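Okay, thanks everyone, let's get going. I've got one structure for you today, so have a look at it while I talk.

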Amino acid sequence: SFTVSLRTTDNITVMIKLRPGAPQGCQIRAKYLPRYDLKIKPGENVTFTFTCKTPEEYFIMEIQKNIDCVSGPCPFGDVHLYPPGLPRLNRTFIWDVKASTKAGLELKFATPWLRQIEPGATCPDFISYNISSCIDTATVNIGTFCRGGSVSRVKLQGGVIMALYLPWNSSPITSGFNIANRSSIKRLCIIESTLKEESSVTLMSPNYPLGFPEDELMTWQFVVPSNLRASVFFHNYSLSNCERKEERVEYYIPGSVSNPEVFKLSDIQPANIAGSFNLSLQGCDQDAQNPGVLRLLFQVVVQHPQIDENVTHLVDLSREWDMTVTIHPEGWPSWSPFGSEPICLVCRDPRSCDRALTLVSGAVYKISFLCKDLARLRITAEKQISCVDFWRCQGKIYSLSVPKAITQLPVRLHKFIWKLLAPEQINVEITSPTSKLQQHVQEQRCSTSYSYSINSATPERDLNVGVFCPGGSIEKIQMRNNVTISLKTFGKGFLNDSSRQDLKMSFVQHIKDECTFTVRPEPGAKLYLQAPSGPHGLPPYVSISWYVAVPSKQVARLGFSRERLGVVCETGRAYVNIQEQRLGAEETVRREDEALPQPLHMYHSFWVNVSNCKPADRTHLSLQFWVTFAEKKMDLAVIIAVVAGAGLLVAIGLVVCCVRKKKKKSQNPMVGVYNANVNTQMPGKQGLFKKGRKNNESHVYAVIDDAMVYGHLLKESNGSVGPEVDVYRPFDGPVGSLPPSPPPLSFRKDIKLSPSVEEPPHLTETDHDAYTFAHQKLGEPEKEGDTNGKSNGDTSTSLLENKEQDGSEE
């Protein structure tokens with residue numbers, strides 16, 4: 001059981017009631033009557049018990065003490081927790097102090113002082129203070145505070161409602177504050193914050209975030225040692241609609257030549273302030289119909305002065321276009337403004353500093369840093385390149401490299417973003433002529449000091465092309481629509497590698513596919529390529545192509561990392577097409593429901609194309625393939641065929657050579673003069689052709705001059721005038737791979753026929769008496785046949801045989 005005795009003079013009331021939302025599983029038993037709430041008034045003595053063993057799970061308790069400082073003296077000094085012997089429940093002590101508006105009350109807190117938190121937040125130890133000010137009938141919530149901070153005193157105009165919340169398992173001895181004195185302050189409140197060492201404090205305006213009272217004035221006093229520097233940052237604020245006056249903040253800085261210094265809430269606030277200073281917030285007369293909301297959340301950072309705070313760095317962006325450069329702390333913009341550690345500041349002048357500073361192109365800046373460790377700062381830059389008229393953009397090559405104005409700063413570049421904007425029917429081409437690009441995949445990770453993340457965007461969808469780094473085989477990437485390229489650095493090596501950047505960009509006319517890669521590897525290379533995917537795979541109805549150039553004297557081996565595309569189509573079909581770039585090359589096609597081909601050998605440059613369908617739920621297309629290169633090796637059968645063919649050509653050459661040598665020995669010399677007494681038939685088989693030249697006298701000359709003799713006899717004669725005869729002289733020039741052609745028909749002379757000789761029948765096109773000279777092959781038997789038959793003169797008499805027969809008759 002518990003007994004609570006309240007004296008009348010203490011003016012204390014105790015209320016025990018059910019927790020909001022708690023079940024009615026436990027009751028309070030007082031004077032033998034069960035109940036769910038109990039109120040003990042001043043002067044009462046009540047004994048009660050609980051019907052359960054864990055009443056803290058069901059009940060809460062409020063202890064309210066009323067203090068009147070208007071009609072009587074104020075109880076200055078420490079405020080005690082009274083009465084003692086209360087049950088262990090979640091309890092709230094409330095001190096309601098009535099005071100005149102002409103005499104403000106001062107609440108002084110014991111160390112470790114207080115730290116302001118946003119409404120709804122909780123303290124680590126679950127012990128919290130709430131301070132409110134009462135002016136006439138209006139109540140203003142000054143703020144909620146936890147133990148352990150910089151707020152050492154609070155002065156309030158008029159009355160005060162102070163509430164201390166204690167959890168059931170805590171047993172503090174004192175309340176942690178006292179009522180120090182009262183004096184007129186002529187403003188809503190004054191909050192004192194004492195900062196003895198490097199630290200950070202976050203404070204909010206009264207009634208935050210609901211709105212600062214109309215036309216009110218309040219002040220924050222910051223007590224800072226003279227050897228430290230303070231900087232103010234506004235993180236969240238809004239303005240009301242003023243009818244009269246103007247909302248503003250005023251600074252009183254000791255030693256300033258213009259106290260008070262007036263700033264708008266939208267201005268960059270003073271920084272690098274030496275010693276203590278005051279900050280005041282002034283409201284205005286608001287519009288009654290639409291008052292708006294004035295609120296402010298800000299941060300004050302105190303730190304030691306930096307050795308290099310007077311060192312300035314020149315950032316020349318005068319020749320740049322459409323570019324912004326932001327210097328910020330690591331983790332920006334997701335960093336929390338409520339940290340207690342000292343921060344790094346970037347300053348445009350000694351008193352204009354901020355945690356993040358943005359510079360724009362077309363100007364020159366001189367900046368300095370207030371930071372112990374510049375490694376905590378980063379640079380993020382963005383540049384926009386656009387093309388509206390293709391005829392003005394064509395032929396222009398833009399360099400996608402980081403300007404020296406950024407790389408020369410003593411701050412690490414975190415990211416450089418190029419936004420390439422092109423209207424419809426104009427596309428973007430990215431090239432890397434010297435270093436080329438390597439795609440970052442699981443099997444072939446990038447290990448360079450920087451990489452490029454490429455995205456192609458349309459109003460309907462985003463295509464994550466992939467992550468690439470220098471030192472690969474991708475020479476060119478063509479993309480449709482707007483493109484974003486993000487250069488991201490890793491470590492400190494980019495400072496040395498930045499001079500070797502060679503990424504170029506140009507605008508080109510419309511391309512067929514969403515994205516096309518041109519891959520030109522070095523001989524013997526091995527590369528992995530992957531279709532653009534992202535978290536949801538290749539977008540529906542998108543087509544991607546790769547052109548892989550196969551180096552000369554090399555053969556490529558193409559293989560796929562997975563057996564299938566991994567997509568189930570809801571509408572349409574997904575395909576993979578592979579084709580060499582040569583005339584008549586066959587095309588290899590696989591659908592999404594078919595297995596991808598086994599490794600293929602490519603002897604020419606080839607194309608790989610993938611086209612997506614509309615995937616079913618929870619499935620997406622994922623394609624990755626690899627290409628290796630090796631020296632071309634001739635097949636064994638080809639080698640045997642080549643060797644055999646070479647041997648055959650050598651044998652034929654030897655036979656021809658021997659035949660020519662024998663013919664040269666037997667000719668002494670040959671003269672193409674016809675002799676009627678010579679047998680013109682070739683020895684050998686008889687009867688192959690039934691009709692022979694001996695049965696057809698069309699080959700016999702009717703008249704022949706006596707001067708027609710052999711050539712060697714003509715050379716021996718002494719006559720100065722030679723007879724007019726048809727003489728064939730053997731070929732005296734070089735001998736080629738083919739035998740010389742027979743003499744043309746124009747070589748023959750028409751000969752007048754004797755009337756005593758019967759005129760032979762007229763020659764047809766296939767039955768003429770053309771001179772033909774066949775060289776007999778060694779070891780080949782001679783054939784007898786019609787030399788003017790159906791073979792159209794493909795056989796002839798042998799001059800060698802004619803010469804031998806003529807000599808025998810002589």
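I'll go from the whole chain to one sheet, then to the cavities, and finish on a single tryptophan.

First thing to keep in mind: this is a predicted model. So, the overall picture. The chain has 810 residues, and 43% of them are buried. On secondary structure, we've got six helices and 54 strands, so you'll hear a lot of strand numbers from me. If you take contacts between residues at least 6 apart in sequence, 80% of them join residues at least 24 apart. For the surface people, the exposed area comes to about 44500 Å², and carbon and sulfur atoms account for 51% of that.

Okay, the sheet. Which strands make it up, and in what order? There are four, running S45-S54-S47-S51, and the sheet is open with antiparallel pairing. On the edges you find S45, residues 526–530, and S51, residues 600–602, each of them pairing on one side only. Going from one strand to the next, the twist averages 25°. In general, it's backbone hydrogen bonds that pair the strands of a sheet, in a parallel or an antiparallel way.

Let me zoom in on one pair there. S47 covers residues 554–560 and S54 covers 624–631, and seven bridges join these two antiparallel strands. If you want a spot to click on, try Val-555, which sits opposite Ala-630 in S54.

Next, cavities. How many are there of 30 Å³ or more? The count is six, and the largest has a volume of about 60 Å³. Its lining includes Gln-116, Ile-117 and Pro-119, plus Met-204 and Tyr-208, among others. Two elements give two or more residues to that lining, namely strand S11 (114–117) and strand S13 (138–147). S13 is the top contributor, with four residues.

Last stop, Trp-418. You'll find this one in strand S36, which spans residues 412–421. Is Trp-418 buried or exposed? It counts as buried, because its relative accessibility is 0%. So what's packed around it? Ignoring neighbours within four places in sequence, Trp-418 is in contact with Lys-383, Ile-385, Leu-400, Ser-401, Val-402, Tyr-452, Val-483, Thr-484, Ile-485 and Leu-487. Take Leu-400 from that list: it is 18 residues from Trp-418 along the chain, and their C-alpha atoms are separated by 7.6 Å.

That's my tour, happy to take questions.

Methods
Residues are numbered from 1 along each chain as its sequence is written. This is a predicted model: local features need pLDDT of at least 70, side-chain atom pairs count only at pLDDT 80 or more; totals for chains, interfaces and linings use all residues. Side-chain values use heavy atoms; hydrogens and water are left out. Two strands pair if DSSP finds at least two bridges between them. Axes are lines fitted to C-alpha atoms, for helices over the stretch in contact, and angles run from 0 to 180 degrees between N-to-C directions. Buried means under 20% relative accessible area, exposed over 50%, partly exposed in between (1.4 Å probe, protein chains only). Contact means heavy atoms within 4.5 Å. Accessible areas come from the Shrake-Rupley method with a 1.4 Å probe; for residues, only the protein chains shown count as cover. On a 1 Å grid over the protein atoms alone, a cavity is a set of points where a 1.4 Å probe fits but cannot get out, and a pocket is an open set with protein on both sides within 12 Å along at least five of seven lines; lining residues have an atom within 4 Å of a point. Grid points are joined across faces, edges and corners, and a volume is the space filled by probe spheres set on the points.
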